[in-house]
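Let's take a walk through this model together, going from helix to helix and ending at the ligand. Have the chain open in front of you as you read.

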Amino acid sequence: MRLTKDHADFRSSVRRFVDDVINPHADEWEAAGRFPAHDVFAKAAEQGLLGIEYDGAYGGLDADHSFQMVAAEELGGAHAAGVPLAIGVQTMMATPSLAEFGSEELKQRFLVPAIAGEHVAAIGVTEPDTGSDVASLRTSARRDGDDWVINGRKMYITNGAQADWICLLARTSDEGGHRGMSQIVVPTDIPGFEVVSVLDKLGNRSSDTTLLAFDNVRVPIENTIGTPGRGFQQQMKQFVTERMYGVYAATGQCDRALRLTRQYLHERTVFGSPLASKQYVAFRLTELQAQLELVRSHNMQACEAILAGEDITRAATVGKLMVGRLIREVADTCLQFHGGGGYIEDTWTARFFRDARLVSIGGGADEVMLQVLARQDGLPA
Ligand SMILES: Cc1cc2nc3c(=O)[nH]c(=O)nc-3n(C[C@H](O)[C@H](O)[C@H](O)COP(=O)(O)OP(=O)(O)OC[C@H]3O[C@@H](n4cnc5c(N)ncnc54)[C@H](O)[C@@H]3O)c2cc1C
């Protein structure tokens with residue numbers, strides 16, 4: 001697949017958004033532990049960034065997935081990963097199921113305002129007692145007349161403190177395991193919903209991560225996305241999209257880090273010559289750049305497969321695993337080559353080091369990726 005001038009122009013426009021809307025405020029938002037999502041999303045929506053692949057009938061750009069790839073990579077180059085994470089939740093984690101399986105009425109009520117940046121969305125899967133093992137989740141939605149009555153807790157929910165609605169995965173029957181779950185759109189302005197706490201965390205500090213409680217929350221049955229009972233399967237599909245966002249954004253994060261470090265190696269002199277002249281340093285950075293180029297090729301191939309309508313579960317899983325490992329190496333190496341300065345909060349390296357750690361955990365830990373791949377390879381793991 002070859003990217004065209006249209007992609008280059010689009011990339012420039014996303015870069016301008018990052019430079020104008022995110023970067024000038026990144027330090028302030030990181031310190032505050034949140035960013036003004038409604039304000040930033042409204043600006044993102046003006047450029048079509050919240051509905052790149054979505055149907056024009058719902059306010060989307062009607063572009064193909066390659067433009068989403070470009071946007072996610074460019075957003076990943078922002079000076080703090082928290083805002084790109086929040087945007088990714090909105091575009092590729094909380095809304096894809098709604099766009100694919102939701103009823104027309106549900107899309108008009110929740111997808112249209114999400115694409116327009118009027119609503120902030122969150123995805124609620126993880127619970128205090130279960131994350132990797134999604135089939136063990138316990139949040140329940142019991143039918144009562146024309147309503148679901150929801151009880152449970154959701155943990156580590158990005159955008160949770162500012163969300164207008166949540167794409168919630170809940171157990172809607174007693175079948176157990178991966179059977180009998182449904183995805184339900186839960187508005188947050190209703191009785192019984194509570195943001196219990198905003199969690200203090202290592203990195204991605206500008207994005208709010210929350211513990212949410214649902215105590216007899218009543219929503220109409222029509223808020224079910226797709227077929228009741230198929231929530232697990234729909235969510236597994238949504239996870240594939242989520243993982244690709246993580247891969248693309250982490251690619252952008254690595255690209256920026258390697259670029260900035262290359263620059264620094266020319267500026268910093270040790271033992272009478274620039275760091276760049278030390279073979280070990282130059283080779284190590286080049287080695288990481290080469291690995292990033294392989295990830296990029298993988299991304300292009302996955303993107304091509306998406307455009308061809310193929311199942312990319314394996315590609316998303318491989319990409320998520322490999323980029324999660326790579327970004328940790330990149331963050332560690334870039335910090336190391338900045339010396340003591342790399343450890344100081346004012347330097348971008350410290351924040352990047354903290355932000356990067358999430359990629360191997362969020363959206364499925366490395367070990368979960370390995371489990372998926374091992375099973376596909378006939379290793380029952
Ligand atoms: C900043 C942040 C934002 C997040 N945002 C969201 C969100 O918006 N919505 C949402 O639903 N969730 C969100 N999450 C949750 C995230 O997806 C989970 O943390 C992740 O899936 C891991 O689940 P867990 O934390 O419960 O870890 P556990 O499931 O308790 O796993 C702990 C560790 O055990 C290991 N492990 C797990 N399974 C296996 C296995 N089969 N074999 C070997 N080892 C294994 C892994 O090392 C794993 O890290 C977020 C998390 C963070 C930190």
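Angles under 35 degrees count as roughly parallel, those over 145 as roughly antiparallel, those from 65 to 115 as roughly perpendicular, and the rest as oblique. The axes behind these angles are lines fitted to C-alpha atoms, for helices over the stretch in contact, and the angles run from 0 to 180 degrees between N-to-C directions. Helices are DSSP runs (H or I, at least four residues), numbered from the N terminus.

Before we start: this is a predicted model, where local features need pLDDT of at least 70 and side-chain atom pairs count only at pLDDT 80 or more, while totals for chains, interfaces and linings use all residues. Residues are numbered from 1 along each chain as its sequence is written, and side-chain values use heavy atoms, with hydrogens and water left out.

Let's begin with H10 (residues 313-337) and H12 (residues 348-356). Their axes come within 9 Å and cross at roughly 160°, so H10 and H12 are roughly antiparallel to each other. The crossing is left-handed, a label used when the near helix is turned anticlockwise from the far one by less than a right angle; clockwise makes it right-handed. On the H10 side, the residues in contact (heavy atoms within 4.5 Å) include Ile327, Val330 and Leu335, and among those they meet in H12 are Trp348, Phe352 and Phe353.

H10 also has H8 (residues 231-267) to deal with. The axes of H8 and H10 come within 9 Å and cross at roughly 25°, so these two are roughly parallel to each other. H8 passes H10 in a left-handed crossing.

Now follow H8 to another partner, H4 (residues 65-76). Here the axes come within 6 Å and cross at roughly 45°, which makes H4 oblique to H8. The crossing of H4 and H8 is right-handed. Among the H4 residues in this contact are His65, Met69 and Glu73, and the H8 residues they meet include Tyr245, Tyr248 and Gln253.

Finally, which residues are closest to the ligand? There are 18 around it (each with a heavy atom within 4 Å), and the closest are Thr126, Ser132, Tyr156, Thr158 and Gln371. Some polar contacts (pairs of N or O atoms within 3.5 Å) are worth finding on screen. A polar side-chain atom of Thr126 lies 2.7 Å from a nitrogen atom of the ligand. Gln371 has a side-chain N or O atom 2.6 Å from a ligand nitrogen. For Glu367, a polar side-chain atom sits 2.8 Å from an oxygen atom of the ligand.

Terms used:
A polar contact is a pair of N or O atoms within 3.5 Å; within protein, one must be able to donate a hydrogen and the other to accept it, and residues adjacent in sequence count only if both atoms are side-chain atoms.
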